[in-house]
Amino acid sequence: MPRAVLPKLLLPLLGLVAATVADCPSSAWVQFKDSCYIFLEEAIKVESIEDVRNQCTDHGADMISIHNEEENAFILNTLKKQWKGPDDILLGMFYDTDDASFKWFDSSNMTFDKWEDQEDAEDLVDTCGFLHTKTGEWKKGNCEVSSVEGTLCKAANNHILISTLVIAGTVILTVLGAIIWYLYKRNSNSGFTTVFSTTPQSHYDDDCVLVVAEENECAVGFD
């Protein structure tokens with residue numbers, strides 16, 4: 001195998017990793033700053049919000065979190081122009097009764113909100129957030145939905161990069177293993193390993209040498 005073959009094999013893999021740093025996994029995803037977004041248009045029946053979340057985690061992402069007005073506007077515009085989403089879409093948030101506040105499923109900080117003016121219920125247990133695609137405002141609603149008409153997911157580029165690096169690393173190791181095996185077999189066929197069989201053997205008797213090591217009875221053999 002020519003030496004130039006190894007770079008030729010590794011360059012496409014390195015290119016794949018480099019491309020992943022800047023781009024999303026496929027054309028189904030849309031990039032905005034450091035994150036990639038996808039709208040899964042399939043309508044599904046669910047028993048809990050965890051079923052909705054699983055739709056995203058199966059794609060290496062999580063339910064959508066929004067952290068500023070610019071991101072909220074981007075999602076709203078993309079839903080209208082490209083994804084054609086329903087009027088209300090579940091946000092990836094839940095109400096934490098321990099500290100009486102909403103939190104994102106992806107564990108990012110709640111640095112922004114766009115709640116519409118509505119009167120809160122006395123008990124916010126099992127309350128989720130919904131993005132109203134007509135106005136871009138958020139509204140509170142019951143998490144116990146029986147179906148959703150699409151799921152909006154978000155993944156940070158570094159998560160996608162890590163997955164790609166793992167895959168690329170596995171492929172690189174496989175290629176290197178194949179190259180090493182090829183070189184070993186080629187050298188074996190050319191007589192590389194026969195050097196051990198052609199080495200002159202000692203003219204001393206093996207049994208005698210053992211006796212010298214153990215009982216020093218064959219010293220005469222070294223004269």
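Two strands are taken to pair if DSSP finds at least two bridges between them. With that in mind, I turn to the structure above, which is a predicted model. In strand E11, Leu152 is the bridge partner of Phe39, and this pair offers a convenient way into the fold.

Allow me to begin with the overall composition. The protein has 223 residues, of which 33% are buried. Its secondary structure amounts to five helices and 11 strands. Among contacts with a separation of 6 or more, 67% are between residues 24 or more positions apart. The exposed surface comes to about 14,200 Å², and 54% of that is supplied by carbon and sulfur atoms.

I turn now to the sheet that holds Phe39. Four strands, in the order E1-E2-E11-E4, make up an open sheet with antiparallel pairing. Its edges are E1 and E4, each of which pairs on one side only. Helix H3 packs on this sheet, where it touches E1, E2 and E11, and the helix direction makes about 160 degrees with that of E1.

Within the sheet, strand E1, residues 30-32, is joined to E2 by three bridges, and the two run antiparallel. Val30 is placed opposite Tyr37 of E2. The hairpin of E1 and E2 has two residues between the strands, and in it Lys33 adopts a positive phi near 55 degrees. On to the pairing with E11: six bridges connect E2 with this strand, residues 151-156, again in the antiparallel sense. Besides the pair I opened with, Cys36 has Ala155 as its bridge partner in E11.

How many residues of strand E2 are buried? The strand spans residues 35-40, and six of its six residues are buried. In a regular strand, side chains alternate between the two faces of the sheet. In E2, Ser35, Tyr37 and Phe39 point one way, while Cys36, Ile38 and Leu40 point the other way, and all of them are buried.

Let me move to the second sheet. Three strands form an open sheet in the order E5-E8-E9, with antiparallel pairing. Strand E5, residues 88-90, and strand E9, residues 138-142, are the edge strands, each pairing on one side only. On average, neighbouring strands here are turned by 45 degrees against each other, direction ignored. Helix H3, residues 69-83, packs on this sheet as well, touching E5, E8 and E9, and its direction makes about 65 degrees with that of E8. Strand E8, residues 127-132, pairs with E9 in the antiparallel sense over five bridges. Thr127 of this pairing stands opposite Asn142 in E9.

One residue of E8 merits a closer look, namely His132. Is His132 buried or exposed? Its relative accessibility is 17%, and because buried means under 20%, His132 counts as buried. The residues that His132 touches, leaving aside those up to four places away in sequence, are Leu76, Asp87, Asp88, Glu137 and Lys139. Its side chain also reaches the backbone oxygen of Asp87 at 3.5 Å.

Next, helix H2. This helix covers residues 49-57, and Ile49, Val52, Arg53 and Cys56 in it are buried. Viewed down the axis of H2, the buried residues fall within an arc of 95 degrees, so they line one face of the helix. The cover over these residues includes strand E4 at 62-63, E5, strand E6 at 93-96, E8, strand E10 at 147-148 and E11. Elements of both sheets I have described are thus named in that cover: E5 and E8 belong to the three-stranded sheet, and E4 and E11 to the four-stranded one.

Finally, two loop residues with positive phi. Ala100 sits in the loop between E6 and strand E7, residues 101-104. Its phi is near 50 degrees, a positive value in a residue other than glycine. Ser107 sits in the loop between E7 and E8, and its phi is near 70 degrees, likewise positive in a residue other than glycine. With a relative accessibility of 65%, Ser107 counts as exposed, because the cut-off for that class is over 50%.

To close, I return to helix H3, which touches E1, E2 and E11 in the four-stranded sheet and E5, E8 and E9 in the three-stranded one. Thank you for your attention.

Notes
Residues numbered from 1 in each chain as written. Predicted model: local features only at pLDDT ≥ 70, side-chain atom pairs only at ≥ 80, totals over all residues. Heavy atoms only, no water. Axes fitted to C-alpha atoms, helices over the stretch in contact; angles between N-to-C directions. Contact = heavy atoms within 4.5 Å. Buried < 20%, exposed > 50% of the residue type's maximum accessible area, 1.4 Å probe, protein only. Polar contact = N/O pair within 3.5 Å; in protein donor to acceptor, adjacent residues only side chain to side chain. Arc of directions from axis to C-beta. Areas by Shrake-Rupley, 256 points an atom, 1.4 Å probe, with all protein chains shown as cover.
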